[in-house]
Amino acid sequence: METYDYVIVGAGSAGCVLANRLSASGRHSVLLLEAGPRDNSLWIHLPIGYAKTMFHPVYNWGFYTEPEPAMNNRQIYWPRGRGLGGSSSINGLIYVRGQHQDYDRWAALGNPGWGWNDVLPYFIKSEGNSRGAGEYHGGDGPLGCSDIGETHPLMEAIIAGAGELGVPRNDDFNGAQQEGVGYYQLFTRRGLRSSAAVAYLKPARARANLRIETDARASALVMDGTRAVGVRYRQHGVEREVRAAREVLLSAGALQSPQLLQLSGIGNAALLQSHGIPVVHDSPGVGENLQDHLQARIMYKVKQPITLNDALRSPWGRLSMGWQWLRHRSGPLAIGINHGGMFMRALPAAVTPDIQFHFAALSAEMAGAATHRWSGCTFSVCQLRPTSRGTVSIKSRDPLAAPAMHANYLSTEIDCRTMVEGVKTARRLARTQALAALVGDEYRPGDDVHNDDEVLEFVRNYGATIFHPAGTCKMGSDDRAVVDTRLKVHGVSGLRVIDASIMPTLVSGNTNAPVVMIAEKAADMILEETARA
């Protein structure tokens, strides 16, 4: 039986950070288990490859929710990264931390040490920003963060139009304040994706004390009473088992971390017993508190041939994009999908921004699908702090079966009102004087959608995830909390959960940077405790 000090399950945004930091001193042996393959595909590393990996059967788990009652019983497609880097290898590359208040809210919910001033040093530590170091930024961290480096006429018009609505320009959504409109920074370095695997795992792969196993899908935790002592996993059709002398670190993500806990007897006792799983620890919060950002994509026809739709339609356009990337590591291939965004307040009661826009100079029937054969753009809007809560729960004892995912989108009145106001804001923006020369007919929702009820029905019919599930193993001290402030699983020893599932509440923005921060902080806590032992 092979034994390592630490066994990490999942080589996503959190697992790659942990593997690097825990093996850095050479004093601790670390095994990293990843269910998917190595990150060898060009489409992973080329920023625009996001469109290719969105439905990729190898690099994407391709989950679907259960029928969603408030979404007219549609099953919503939930892409999740599968392979080294996890979702950081297939996401939209947008670098957003969330609002300072998000983390102060975590602390106020009974999680001391997780306020904004506590987590900012870990954001800075992780960051290798092309702008260099500063009060809010790191210049020499492993995770590449870069400016897009070029303006776009549509985005410039959007910034001007937002000004007409009273929204100020913001050149740093991760600085003193988030509110405003501007260009995003991306997780790129020299025109290539800076995934967690590239940033953290690649520099550590040669270490003798780090072993990385791909195509190794965890099937259960090995328990000795209420202590986690190892992991069982399947690799190339063979069931294997490995032991952890110190701890098992579960970083399988907000969908599969609770699934693995439940398969291992840690979860709601009634659920476990219904599937014949012996109860190790009755933890009813496992799989609860699921939160996700729902997006509505408003699409317009563009009056000038300046969109990615136009470039992709033309052989010369595709050749030009390839040459620009090869020669300068710039252009559409280095940017991906979204040029910029906007954070603003949609509801009068909002103290901080409650909606986020992603602006793309392209249009397609759905994210990752072929672009339309006309010039088009997309204003995607999402509610930043949804109050709807869902669940993740196993359907059987089969570790290869996907869990049941119930997002429960739009199950509260405030969520419905915020999404409606977000769509109405997008429409007001499109009608500003600054955009009059560029933005033409509304393709979707379309001119036949007028009042609030019709807008809400549009969201129910076409709304989709913006890929940020979180909260299913929440941190806290109440009776539904799964982990404590050191991310140790309540009622169980030798086991931590370290990924987006520990978020008590969803952050106000994209989730990759916060997950990296969580893992950086967790690694420091683990090493601190080891040094004291």
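Three elements, β17 (294-302), α14 (452-462) and β24 (464-465), each contribute at least two residues to the lining of the second largest pocket. Helices here are DSSP runs of H or I with at least four residues and strands are runs of E with at least two, both numbered from the N terminus. The model is predicted: local features need pLDDT of at least 70 and side-chain atom pairs count only at pLDDT 80 or more, while totals for chains, interfaces and linings use all residues. Residues are numbered from 1 along each chain as its sequence is written, and side-chain values use heavy atoms, with hydrogens and water left out.

## Pocket and cavities

The second largest pocket has a volume of about 360 Å³. Of the 22 residues that line this pocket, E365, M366, Y462, G463 and A464 are the closest to its centre. Its lining comprises 13 nonpolar, five polar and four charged residues. In this division Ala, Val, Leu, Ile, Met, Phe, Trp, Tyr, Cys and Pro are nonpolar, Asp, Glu, Lys and Arg are charged, and the others, Gly among them, are polar.

On a 1 Å grid over the protein atoms alone, a cavity is a set of points where a 1.4 Å probe fits but cannot get out; a pocket is an open set with protein on both sides within 12 Å along at least five of seven lines, and lining residues have an atom within 4 Å of a point. Grid points are joined across faces, edges and corners, and a volume is the space filled by probe spheres set on the points.

By this rule there are four cavities of 30 Å³ or more. The largest cavity has a volume of about 80 Å³. Its lining consists of L290, Q291, D292, L294, Q383, P386, S388, A407, Y409, L410, D415 and M419, which divide into seven nonpolar, three polar and two charged residues.

## A three-stranded sheet and helix α5

An open sheet of three strands has the order β5-β6-β8, with mixed pairing. Its edge strands are β5 and β8 (185-186), each pairing on one side only. Two strands count as paired if DSSP finds at least two bridges between them. β5 and β6 are parallel, over three bridges, and N129 stands opposite C145 in β6. β6 and β8 run antiparallel and are joined by two bridges; here D147 stands opposite Q185 in β8. Four of the five residues of β6 are buried, so this strand is largely enclosed by the rest of the structure. Buried means under 20% relative accessible area, exposed over 50%, and partly exposed in between (1.4 Å probe, protein chains only).

Helix α5 lies across β5 and β6, at about 60° to β5. Axes are lines fitted to C-alpha atoms, for helices over the stretch in contact, and angles run from 0 to 180 degrees between N-to-C directions. Within α5 (residues 116-126), W116, V119, L120, Y122, F123 and S126 are buried. Their cover includes α4 (100-108), β5 (127-129), β6 (143-147), α7 (196-201) and α15 (512-532).

## Helix α1

Ten of the eleven residues of α1 (residues 13-23) are buried, so the helix is largely enclosed by the rest of the structure. These are S13, A14, G15, C16, V17, L18, A19, N20, L22 and S23. They pack against β1 (2-9), β2 (30-33), α7, β11 (210-213), β14 (238-250) and α15.

## Two buried threonines

T188 belongs to strand β9 (residues 188-189) and counts as buried at 5% relative accessibility. Leaving aside neighbours within four places in sequence, T188 is in contact (heavy atoms within 4.5 Å) with P47, L93, G144, C145, S146, R193, S194 and A334. The C-alpha atoms of T188 and Y95 are 9.5 Å apart, with their positions 93 residues apart along the chain.

T214 is in the loop between β11 and β12 (216-224), and its relative accessibility of 13% also counts as buried. Not counting residues up to four places away in sequence, T214 touches E34, G36, P37, R38, L84 and Q235.

## Backbone details

A cis peptide bond joins R444 and P445, with omega about 15°. P445 is placed in the loop between β23 (439-444) and α14. Two residues that are not glycines have a positive phi:

| Residue | Phi | Loop | Relative accessible area |
|---|---|---|---|
| N72 | about 55° | between β3 (63-64) and β4 (77-78) | 35%, partly exposed |
| R329 | about 55° | between α11 (315-328) and α12 (332-335) | 38%, partly exposed |
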